Amino acid sequence: MDSDNLEKINTILEADVEIREKIKEHVAEFDKKARTLSGILNRIHSTRAEQLPALLGTAQPVLTSCKETTAALADIIPPHQFWKWKDMWSNCLRSAVFSVALVEYLQSGALISLPQVAETLGIKPEWQDRFMLSVEDYLHGVINLVNELSRLAVNAVTLGDFDQPIKISLFVKDVFAGFAMLNLKNDLLRRRYDSLKYDIKKVEEVVYDVSLRKLAPSSK
Amino acid sequence: MTTMTASRTLTSRDSILHAFESFRDELDDFNDRRERLIKSSRDITNLSKKLIFLLHRTVTEDAAEADDRVLGLRAAARARGKLEEIQSLFAAMRPELTGDRFWHHQRNISPGLQEYIEALSFAHYLEHRTLISYDQVQATLSDPDGTPFFTLPLEDYLLGLSDLTGELMRFAIAAIPRRGGRQKASDVCTFVRACKADFEALTPHSKELRKKQHVTAQSLEKIEDATYAVVVRTSEYDLPPELLDDLVAQTLSRAADLSSFGEDTRRKRRIDSMYDEDEA
């Protein structure tokens with residue numbers, strides 16, 4: 001290789017290495033925030049409905065702080081290179097999406113939309129080719145939500161909330177119907193989607209138990 | 001879908017289904033493009049492999065031509081048309097790779113790209129005896145006015161060059177039986193050794209390159225063993241290498257006259273047929 005070529009190669013490499021290092025820094029931050037959120041929200045399984053708003057309140061500042069991280073990342077990525085680097089923060093982002101979606105469900109009983117999640121995490125539309133919330137990352141977050149809700153259905157009953165599992169059952173079936181509309185390839189998303197039916201089954205069993213024993217208000 | 005609908009929470013089954021419908025469209029669009037690009041990449045791989053075989057044939061088929069330069073130029077000339085055919089396939093991909101789509105699909109076109117670079121750099125070596133540079137490769141994947149079809153990923157460039165060392169090994173060993181082949185093998189040996197050393201410095205940045213270095217090391221060893229064997233044997237005879245080549249060629253030629261194999265067969269058949277005419 002002649003020296004000019006080597007120089008060209010090293011210039012390209014050094015630029016890449018610099019970007020990678022900067023991303024790593026912010027992803028470490030992001031990871032901490034995502035885990036903190038996860039930790040807070042894990043308490044819902046042992047929190048009665050009345051204390052829930054207070055708990056969700058403690059998650060709010062952490063959610064807001066994610067905006068700094070997404071802005072910092074968007075700043076580092078060169079134009080059109082979103083897909084080159086996205087795997088570095090994918091896991092954190094999916095975890096954050098899950099947390100945002102869970103908070104929304106607990107507050108309104110609805111599924112938060114993709115643009116809304118993006119807005120909550122401070123992801124601006126004009127960053128689109130550098131940093132955005134991809135459909136896949138959103139969908140993974142939603143699947144995690146369903147996993148969590150199937151667990152919540154069980155624990156809600158333990159806490160004496162016999163209504164929650166009925167609501168969860170209706171909700172997860174609607175989400176599953178949405179997923180059933182997708183034409184998926186044999187990738188991770190497909191395998192995670194396949195796992196949803198086990199969650200639905202689990203929730204159905206709770207609903208069955210609760211209805212038969214006439215525990216649920218709607219069954220009385 | 002209005003922006004209002006997009007921003008509200010999905011509070012009903014219908015709104016959920018509606019949202020997932022648009023996800024389906026987006027994912028379908030991506031997957032369909034992915035399939036098209038993979039097909040294209042396979043076509044490019046196919047053409048590139050054929051070109052590599054053509055290049056090998058061109059430099060080994062003509063026993064009468066001893067001048068490397070002539071053979072090299074002939075190979076490069078034959079390659080030109082085929083390379084343009086491959087380049088036009090890349091040009092046709094361009095509309096599907098605009099903006100951030102390139103990196104979304106880079107993995108789908110990477111195999112074809114690397115195979116193309118292997119063929120291109122082989123043709124370049126045969127013509128110039130040098131390693132084609134990053135800028136030169138990028139230029140072949142650009143418009144006549146210099147606008148690239150896409151930015152050449154550095155890793156694909158390096159991995160394509162790494163595969164070149166395998167072809168050079170085949171080239172060197174196939175050259176040995178020919179006149180002046182020993183010298184050629186020795187030159188290739190030096191060249192591949194230098195390539196391997198250059199790549200080594202870049203391996204921290206690419207796991208794929210690290211893996212390919214093992215193959216390069218094996219190729220280098222094969223050329224080294226062949227070059228060693230040649231030197232050891234020629235040292236037994238106190239003659240210049242070209243004279244040794246001539247001695248070997250004469251032996252082969254005499255053997256070809258007596259059998260139906262070998263390149264002199266056409267001449268011999270003509271002579272035989274002259275006798276046949278006389279008999280008739």
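How many salt bridges does the structure hold over all chains? A count over all chains gives 26 salt bridges. Keep in mind that this is a predicted model. Now for some exercises.

**Exercise 1. Get an overview of chain A.**

Task: Describe the elements of chain A, its box and its surface.

Solution:
- Start with the elements. Chain A has 8 helices and 0 strands, so reading from the N terminus gives α-α-α-α-α-α-α-α.
- Next, the box. Along the principal axes, the C-alpha atoms of chain A take up roughly 85 × 40 × 25 Å.
- Then look at burial. Of the 220 residues in chain A, 50% are buried.
- Turn to the surface. Chain A exposes about 10500 Å², and 52% of that comes from carbon and sulfur atoms.
- Check the contacts. Take those in chain A with a separation of 6 or more: 77% of them join residues 24 or more positions apart.
- Finish with charge. Chain A has 28 positive and 30 negative charges, and their mean positions are 8 Å apart.

**Exercise 2. Follow a salt bridge between chains.**

Task: Work out where the partners A:Lys185 and B:Glu35 sit, and whether each is buried, partly exposed or exposed.

Solution:
- First, the distance. In the salt bridge of A:Lys185 with B:Glu35, the closest N and O atoms are 3.2 Å apart.
- Second, the places. This pair crosses between chains: A:Lys185 is in the loop between helix 7 (164-180) and helix 8 (188-212) of chain A, while B:Glu35 belongs to helix 2 (residues 13-61) of chain B.
- Third, the accessibility. Partly exposed runs between the 20% and 50% cut-offs. A:Lys185 has 31% relative accessibility, so it counts as partly exposed. B:Glu35 has 32%, so it is partly exposed too.

**Exercise 3. Look at two salt bridges within chain B.**

Task: Say how far apart in sequence the partners are in B:Asp29–B:Arg33 and in B:Asp143–B:Arg94.

Solution:
- Take B:Asp29 and B:Arg33. Their side chains meet in a salt bridge, 2.8 Å from N to O.
- Now count along the sequence. These two are 4 residues apart in helix 2 of chain B, which means about one helical turn separates them.
- Compare their burial. B:Asp29 is partly exposed at 38%, whereas B:Arg33 is buried at 5%.
- Move to B:Asp143 and B:Arg94. The closest N and O atoms of this salt bridge are 2.9 Å apart.
- Find their places. B:Asp143 is in the loop between helix 5 (134-140) and helix 6 (154-175) of chain B, and B:Arg94 is in the loop between helix 3 (68-93) and helix 4 (101-128), so the pair ties together parts 49 residues apart in sequence.
- Check accessibility again. B:Asp143 is partly exposed at 25%, and B:Arg94 is partly exposed at 25%.
- Last, the network. Salt bridges with shared partners join B:Asp29, B:Arg33, B:Arg36 and B:Glu96 into one network.

**Exercise 4. Sort aromatic pairs.**

Task: Decide which kind of pair A:Phe179 and A:Tyr193 form, and do the job again for B:Phe90 and B:Phe150.

Solution:
- Begin with the total. There are 17 aromatic pairs over all chains.
- Try A:Phe179 and A:Tyr193. The centres are 6.1 Å apart and the planes make an angle of 20°. Planes under 30 degrees apart count as stacked, so that's the label.
- Place them. A:Phe179 is in helix 7 and A:Tyr193 in helix 8 of chain A, 14 residues apart. Both are buried.
- Now B:Phe90 and B:Phe150. Here you have 5.9 Å centre to centre and 65° between the planes. An angle over 60 degrees counts as edge-to-face, so this pair gets that name.
- Place these as well. B:Phe90 is in helix 3 of chain B and B:Phe150 in the loop between helix 5 and helix 6, 60 residues apart. B:Phe90 is buried at 0%, and B:Phe150 is buried at 5%.
- Widen the view. A:Tyr138, A:Phe176, A:Phe179, A:Tyr193, B:Phe20 and B:Phe23 form one aromatic cluster.

**Exercise 5. Check a buried lysine.**

Task: Find the nearest side chain of opposite charge to A:Lys33.

Solution:
- Locate the residue. A:Lys33 is in helix 1 (residues 3-41) of chain A.
- Look for a partner. A:Lys33 is buried yet has no salt bridge, and the nearest oppositely charged side chain, A:Glu29, is 4.0 Å away.
- List the contacts. Setting aside neighbours within four places in sequence, A:Lys33 touches A:Val62, A:Ser65, A:Cys66, A:Glu68 and A:Thr69.

Note on methods. Residues are numbered from 1 along each chain as its sequence is written. Chains are lettered from A and ligands numbered from 1 in the order in which they are written. This is a predicted model: local features need pLDDT of at least 70, side-chain atom pairs count only at pLDDT 80 or more; totals for chains, interfaces and linings use all residues. Side-chain values use heavy atoms; hydrogens and water are left out. Buried means under 20% relative accessible area, exposed over 50%, partly exposed in between (1.4 Å probe, protein chains only). Contact means heavy atoms within 4.5 Å. Accessible areas come from the Shrake-Rupley method with a 1.4 Å probe; for residues, only the protein chains shown count as cover. Lys and Arg count as positive and Asp and Glu as negative; His and the chain ends are not counted. The place of a charge is taken as NZ of Lys, CZ of Arg, CG of Asp or CD of Glu. Rings of Phe, Tyr and Trp (its six-membered ring) pair if their centres lie within 6.5 Å; planes under 30 degrees apart count as stacked, over 60 as edge-to-face and the rest as tilted.
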